[in-house]
Amino acid sequence: MGAVGPVGLVLHPERDSEFAVSTLLDWAQERRLPVLGLAPEVARLNCDAEPVTEAELVRRATLVVSLGGDGTVLRALRLCQALDGPTPVPVLGVNLGRLGFLAEVDVPELPAALTAIDEHRFVVERRAAVRAALPDGTMAVAFNDIALVRVPGDRVAAVGVRVNGESFVRYAADAIVVATPTGSTAYSFAAGGPIVSPSVEGLLVIPAAAHATFNRALLLAADEHLVLDLLPSSGVLAVEVDGRVVCQVRPGDSIALALVPGAAHLLRLGTTSFYQRARRKLRVMGSTEADDGISPG
């Protein structure tokens with residue numbers, strides 16, 4: 001019996017996905033499988049995908065196909081996440097633009113990829129999320145990062161870091177980034193953080209453009225409790241969740257953050273490794289002084 005039942009779609013809000021959707025529909029129709037799409041997204045396409053709500057898509061789909069770039073994959077992971085309950089719906093990322101880290105195949109490879117998944121020829125890559133308890137009592141979940149960012153014109157981000165209830169360091173910076181291993185190649189990397197294998201379970205804490213002598217990143221274990229305290233000298237900070245501003249916080253506020261291991265499942269077909277994707281995307285070449293005349297494979 002095939003591994004694929006009803007297929008869900010998550011589309012990039014702007015990129016042309018009509019050919020990719022048509023390709024997926026042709027594959028599914030040959031197997032008499034329903035294709036489900038979020039109602040606002042499929043409304044802009046003339047296609048036979050069944051319009052559904054987010055809740056219905058997650059409940060019915062056995063596989064969700066993300067058509068876009070890394071941002072679209074992140075949105076699909078957040079949609080399909082399972083933080084405290086059943087196994088998350090697996091996500092296959094299909095690239096419609098620039099090369100990213102999360103998408104697995106390009107559109108011409110989509111039918112072969114779906115066939116491979118249907119024949120159980122795939123690997124599940126478990127992706128951790130970071131969950132934050134915000135001061136207003138709401139929860140925020142990100143698969144890349146949650147950042148406290150200085151509001152232009154206001155004072156710097158002055159933030160105290162507590163680990164397992166113990167004060168460790170105070171940062172003064174333009175932003176404090178708390179990233180998952182998935183997010184180590186995003187905002188965290190731009191701020192000078194390390195590249196972390198997605199198989200690692202831990203949280204990175206990185207000051208961006210630090211205004212103090214101590215500017216080092218921290219790597220916390222999966223079971224360590226992290227709290228960020230906004231100090232009296234801090235300005236008002238925007239809270240960004242995977243790049244989306246969700247609220248503002250002020251001096252005296254505290255945010256508790258925790259890693260959620262295996263919150264989402266990303267499908268891999270074994271065509272490329274994380275390190276191959278990182279080398280291409282980040283142009284990792286190393287020092288010319290270390291060149292021995294042999295090109296890396």
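Which helix is Phe189 found in? Phe189 is found in helix H6, which covers residues 187-190. Keep in mind that what you're looking at is a predicted model.

## A spot on the surface

Start with Phe189, then, and look at what is around it. Together with Ile195 and Val284, Phe189 makes a nonpolar surface patch of about 220 Å². Phe189 itself has a relative accessible area of 33%, so it counts as partly exposed.

## Into the interior

Now go inside. The largest nonpolar core has 32 residues. Leu226, Leu228, Val239 and Leu257 are the ones with the most contacts inside this core. Strand E11 gives the core its largest share, with five residues.

Leu228 is a handy residue to click on. Leaving out residues up to four places away in sequence, Leu228 touches a whole list of others, including Leu148, Val159, Val161, Ile176, Val178 and Leu257. Its partners also include Gly160, Asp253 and Ser254.

There's another core too, lying apart from that one. This other core has 27 residues, and Val4, Leu9, Val21 and Leu33 are among them.

Helix H4 is worth a look as well. Running over residues 70-80, H4 is mostly covered, with eight of its 11 residues buried. Among the buried ones are Val73, Leu74, Leu77 and Leu79, along with Arg78 and Cys80.

## Charged pairs

Side chains of opposite charge can pair when their charged atoms come close. How many salt bridges does a search of the whole structure find? The search turns up 12 salt bridges. Here are three of them, with the N to O distance for each.

| Acidic residue | Basic residue | N to O distance |
|---|---|---|
| Glu41 | Arg75 | 2.8 Å |
| Glu50 | Arg60 | 2.9 Å |
| Asp229 | Arg162 | 2.6 Å |

Take the salt bridge between Glu41 and Arg75 to begin with. Glu41 lies in helix H2 and Arg75 in helix H4, so this pair ties together parts that are 34 residues apart in sequence. Helix H2 spans residues 39-42. Is Glu41 buried or exposed? At 10% relative accessibility Glu41 counts as buried, because the cut-off for buried is under 20%. Its partner Arg75 has a relative accessible area of 27% and is therefore partly exposed. Setting aside neighbours within four places in sequence, Glu41 is in contact with Leu9, Val10 and Leu11 as well as with Arg75. One of those names should ring a bell: Leu9 is also among the residues of the 27-residue core.

Next comes the salt bridge between Glu50 and Arg60. These two sit 10 residues apart, with Glu50 in strand E3 (residues 50-52) and Arg60 in helix H3 (residues 54-60). Glu50 is partly exposed, with a relative accessible area of 32%. Arg60 counts as partly exposed too, at 25% relative accessibility.

The salt bridge between Asp229 and Arg162 links two strands. Asp229 lies in strand E14 (residues 226-230) and Arg162 in strand E10 (residues 157-163), so the pair ties together parts that are 67 residues apart in sequence. Asp229 is buried, with a relative accessible area of 16%, whereas Arg162 is partly exposed at 27%.

Salt bridges can also be found joined up here: Glu104, Glu125, Arg127, Arg268 and Arg277 are linked in a network of them.

## Rings that meet

Finally, the aromatic side chains. A search of the whole structure finds two aromatic pairs. Tyr171 and Phe214 form a stacked pair, with 6.1 Å centre to centre and 25° between the planes. Tyr171 lies in strand E11 (residues 166-179) and Phe214 in the loop between strands E12 (202-210) and E13 (218-221), so the pair ties together parts that are 43 residues apart in sequence. Tyr171 is buried, with a relative accessible area of 2%, while Phe214 counts as partly exposed at 34% relative accessibility.

Phe274 and Tyr275 form an edge-to-face pair, with 5.1 Å centre to centre and 75° between the planes. Which of these two is buried, and which is exposed? Phe274 counts as buried at 11% relative accessibility, whereas Tyr275 counts as exposed at 51%.

Terms used:
Residues are numbered from 1 along each chain as its sequence is written. This is a predicted model: local features need pLDDT of at least 70, side-chain atom pairs count only at pLDDT 80 or more; totals for chains, interfaces and linings use all residues. Side-chain values use heavy atoms; hydrogens and water are left out. Patches are made of residues with over 30% relative accessible area and no salt bridge: like charges are joined within 9 Å, nonpolar side chains (Val, Leu, Ile, Met, Phe, Trp, Tyr) within 5 Å. Accessible areas come from the Shrake-Rupley method with a 1.4 Å probe; for residues, only the protein chains shown count as cover. A salt bridge is a side-chain nitrogen of Lys or Arg within 4 Å of a carboxyl oxygen of Asp or Glu. Helices (H or I, at least four residues) and strands (E, at least two) are DSSP runs, numbered from the N terminus. Buried means under 20% relative accessible area, exposed over 50%, partly exposed in between (1.4 Å probe, protein chains only). Contact means heavy atoms within 4.5 Å. Rings of Phe, Tyr and Trp (its six-membered ring) pair if their centres lie within 6.5 Å; planes under 30 degrees apart count as stacked, over 60 as edge-to-face and the rest as tilted. A nonpolar core is a set of buried Ala, Val, Leu, Ile, Met, Phe, Trp, Tyr and Cys residues joined through side-chain atoms within 4.5 Å.
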